[in-house]
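Trainee: Before we begin, may I ask how the side-chain and backbone features of a model should be read? I would like the general idea in each case, followed by the example at hand.

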Amino acid sequence: MCGIMGYVGPQQAAPIIIDGLKRLEYRGYDSAGIAVANSRIDVRKSEGKIVRLAALLDREPLEGTVGIGHTRWATHGKPSDLNAHPHTDPTGSFVVVHNGIIENFQTLREELESGGAALTSETDTEILAHLVAEEYDGDLAAAVRRAVERAEGAYALVVMTINEPRKIVAVRKISPLIVGLGDGETFLASDIPAVLHRTRDFLIVEDDELVTITEDGAVIETIDGGVVDRDVMHIDWDAEQAEKGGFEHFMLKEIYEQPAVITETLGGRLGEDGTTWLEDVEFDDAFVRDLETVWITACGTAYHAGLVGREIFQRVLRLPTIVEYAHEMRYADPMIKRGDLTIAISQSGETADTLAAARLAAERGSRMLALTNVVASTLSRYADDILYTRAGPEISVASTKAYLAMLIGQYLLALRLGTARGSIDRERATEIARGLNRLPAQVEEILEHDQAIVDAAGAIVDADDIYFIGRGLDYAVAMEGSLKLKEISYLHSEAMPAGELKHGTLALITDDVPVVVVVTQRATYDKTISAVQEVKARGGKVVAVAYDTDTEIEKFAEIVLRIPETDDLLAPVNAAVPLQLLAYHVAKLRGHGIDQPRNLAKSVTVE
Ligand code: M6R
């Protein structure tokens, strides 16, 4: 996720901004830039790490005591000098940096170009510099207000103009923004660690608020000009706690980011009636109509996302969908043929096995779509089509928010493919779209009521073995829940389809052996409950993940983790969240480090 830094005060701005950006490096980025106001505004920017920007500044220094800086994590347009922020209007009088995504970027771009504007980058951000300049009539805050009225999406937008050189104006919707209050100097940043060594007094800018900073402090208003009286927050965290946003571990922080991640991944891509706009998915309707087989290939958590994808595609497209571990697919001589679609899923886009399987599919004539979180990753460079998940950098080795974003990506793809094939009608597409749009609030609700999950963790922490069961989509989620638990708690855990239990594993179910059952799918509810009865009859301890509307489940399960009811097709998104938290709390109770489990790496670039 991008990093923002701004400074107004008596000191030279450039070194303070570079220092702040370095302290935001943990957020991940692929280019960086800075603008400083003096008699004019000058910009320096560079692809790659901040050291390259710092070297550029050594060669071409910037003098001045007001400035803004940015580290960019690419979403629109590849990482490059040109796409790096800050961006300016054509006169260079207005300069902006931005985190987030402008959803109506294409419409605004066309509007500006038809009015004669020449845009020099591929970003959505440059458009905002043009809009602010167009709207300016002597009052920067008013111009920013009018500009963001024209933009839809998520943003923390920071703006400077040479016409009012001693101030910076910023506005927030969804993407985070904080103000640091110093003595005769004021800071703006996307996150507290950027300036925690300079001040401990902060103002948190909330959604739909605008802030103006000068050396005398900050004034926050609502986006329509209302007065905001925000209390100063005094922060006692150390630097490491601050990077984690006050959470104890990155994994927990990333779990709590999931409502925003869903919103970002859907942003600008989904209409109310299920119409989709997937910017780098370029296959045409004729390709979709002639499609006979969909292949999905991936490893680990991404493979588990693919298991959910298989069910989604089969239900929505009524097409055979084959999911293969990438390391198996490579050696299985798969019957992939010209005209097939292969979806390679990878958070990093660098997993060696997945890259090899994707290459094999392409060699066999399949169209290859990359579903990945990292713009310009190797996987996306191989692909015919790309769907970026927009989860932001994931630091914890145990993947959580990237998994949820992969599920959302596959729902979007299913809508795109299903409507083009005519395998779902508008009414069904509308229902799915409505359900998808409700998910951020539902996940938020699960996160707000996590006490039952903490209690469940306490009840299973001393087990030696744990089993996860479910059917269909529930089985796919059970697989992921089991992996999460084992990789961070080091507890032996296995997942299997609920119907498989009686074919062998039931022999291992004795008194108090925990069995986690995911039971959301109405079509197979009774069948899954039969498996639960088999467990109970052997003394097993049943922990169920079930809808909050399920009035039966307490008869069968000792512990019930409730999730908001959804369309059954969408249930995996909500069902995965308590299992992520369960794994987290068990690992914590067992005293493990969590973010870097033993023997594991975040990105597995060897075969
Ligand atoms: O970057 P990728 O999505 O390709 O990584 C694949 C797996 O290595 C990864 O999902 C791994 O299983 C997770 N760290 C598990 O939480």
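Mentor: Let us begin with burial. Y303 has a relative accessibility of 11% and therefore counts as buried, since the cut-off for that class is under 20%. Please keep in mind throughout that this is a predicted model.

Trainee: Is Y325 buried, exposed or partly exposed?

Mentor: Y325 counts as partly exposed, because its relative accessibility is 28%.

Trainee: How should one describe a pair of aromatic rings?

Mentor: Such a pair is described by two quantities, the distance of the centres and the angle of the planes. In this structure, a search of the whole model finds five aromatic pairs. One of them is formed by F94 and Y136, which are edge-to-face, with 5.0 Å centre to centre and 65° between the planes.

Trainee: Where in the chain do F94 and Y136 lie?

Mentor: F94 is in strand β6 (residues 94–102), and Y136 is in the loop between α4 (125–135) and α5 (140–150). The two are 42 residues apart, and the pair links distant parts of the chain. Both F94 and Y136 are buried.

Trainee: What is the geometry of the pair formed by Y303 and Y325?

Mentor: Y303 and Y325 are stacked, at 3.6 Å centre to centre and 20° between the planes. Y303 belongs to helix α10 (residues 300–317) and Y325 to strand β16 (residues 321–325), so the pair ties together parts that are 22 residues apart in sequence.

Trainee: Which ring has the charged end of K49 over it?

Mentor: That ring belongs to Y29, and the charged end of K49 sits 4.2 Å from its centre. Another case involves an arginine: R367 lies over the face of F287, at 5.7 Å from the ring centre.

Trainee: Let us turn to the ligand. How many residues surround the ligand, and which are the closest?

Mentor: The ligand is surrounded by 13 residues, and the closest are S346, Q347, S348, T351 and E487. By character, the residues of this shell divide into four nonpolar, seven polar and two charged.

Trainee: Which atoms of S346 and Q347 approach the ligand?

Mentor: For S346, a polar side-chain atom lies 2.6 Å from an oxygen atom of the ligand. For Q347, a backbone N or O atom lies 2.6 Å from an oxygen atom of the ligand. On the nitrogen side, a polar backbone atom of V397 is 2.7 Å from a nitrogen atom of the ligand.

Trainee: How much of the ligand does the protein bury?

Mentor: The reference is the ligand taken alone, which exposes 410 Å²; the protein buries 91% of that. The elements that give two or more residues to the shell are α10 and α17 (473–489). The largest share, three residues, comes from α10.

Trainee: What does the side chain of S366 contact?

Mentor: A polar atom of the S366 side chain lies 3.1 Å from the backbone oxygen of D340. S366 is placed in the loop between α12 (352–363) and β18 (367–372). With a relative accessibility of 4%, S366 counts as buried.

Trainee: How far apart are H585 and D455 in sequence and in space?

Mentor: In sequence, H585 and D455 are 130 residues apart; in space, they are 9.1 Å apart, C-alpha to C-alpha. H585 is located in helix α19 (residues 571–589), and with a relative accessible area of 12% the H585 residue is buried.

Trainee: What is the general expectation for phi and for peptide bonds?

Mentor: Most residues other than glycine have a negative phi, and most peptide bonds are trans. Against that background, the peptide bond from H85 to P86 is cis, with omega near 0°. P86 is found in the loop between β4 (66–72) and β5 (87–88).

Trainee: What is the phi of D208, and what is the phi of D333?

Mentor: D208 has a phi near 60°, a positive value in a residue other than glycine. D208 occupies the loop between β11 (201–204) and β12 (209–214) and, at 35% relative accessibility, counts as partly exposed. D333 has a phi near 50°, also a positive value in a residue other than glycine. D333 lies in the loop between α11 (326–329) and β17 (341–346) and counts as exposed, because its relative accessibility is 54%.

Technical notes: Residues are numbered from 1 along each chain as its sequence is written. This is a predicted model: local features need pLDDT of at least 70, side-chain atom pairs count only at pLDDT 80 or more; totals for chains, interfaces and linings use all residues. Side-chain values use heavy atoms; hydrogens and water are left out. Rings of Phe, Tyr and Trp (its six-membered ring) pair if their centres lie within 6.5 Å; planes under 30 degrees apart count as stacked, over 60 as edge-to-face and the rest as tilted. Helices (H or I, at least four residues) and strands (E, at least two) are DSSP runs, numbered from the N terminus. Buried means under 20% relative accessible area, exposed over 50%, partly exposed in between (1.4 Å probe, protein chains only). A charge sits over a ring if NZ of Lys or CZ of Arg is within 6 Å of the ring centre and within 35 degrees of the ring normal. A residue is near a molecule or strand if one of its heavy atoms lies within 4 Å of it. A polar contact is a pair of N or O atoms within 3.5 Å; within protein, one must be able to donate a hydrogen and the other to accept it, and residues adjacent in sequence count only if both atoms are side-chain atoms. Accessible areas come from the Shrake-Rupley method with a 1.4 Å probe; for residues, only the protein chains shown count as cover. Ala, Val, Leu, Ile, Met, Phe, Trp, Tyr, Cys and Pro count as nonpolar, Asp, Glu, Lys and Arg as charged, and the others, Gly among them, as polar.
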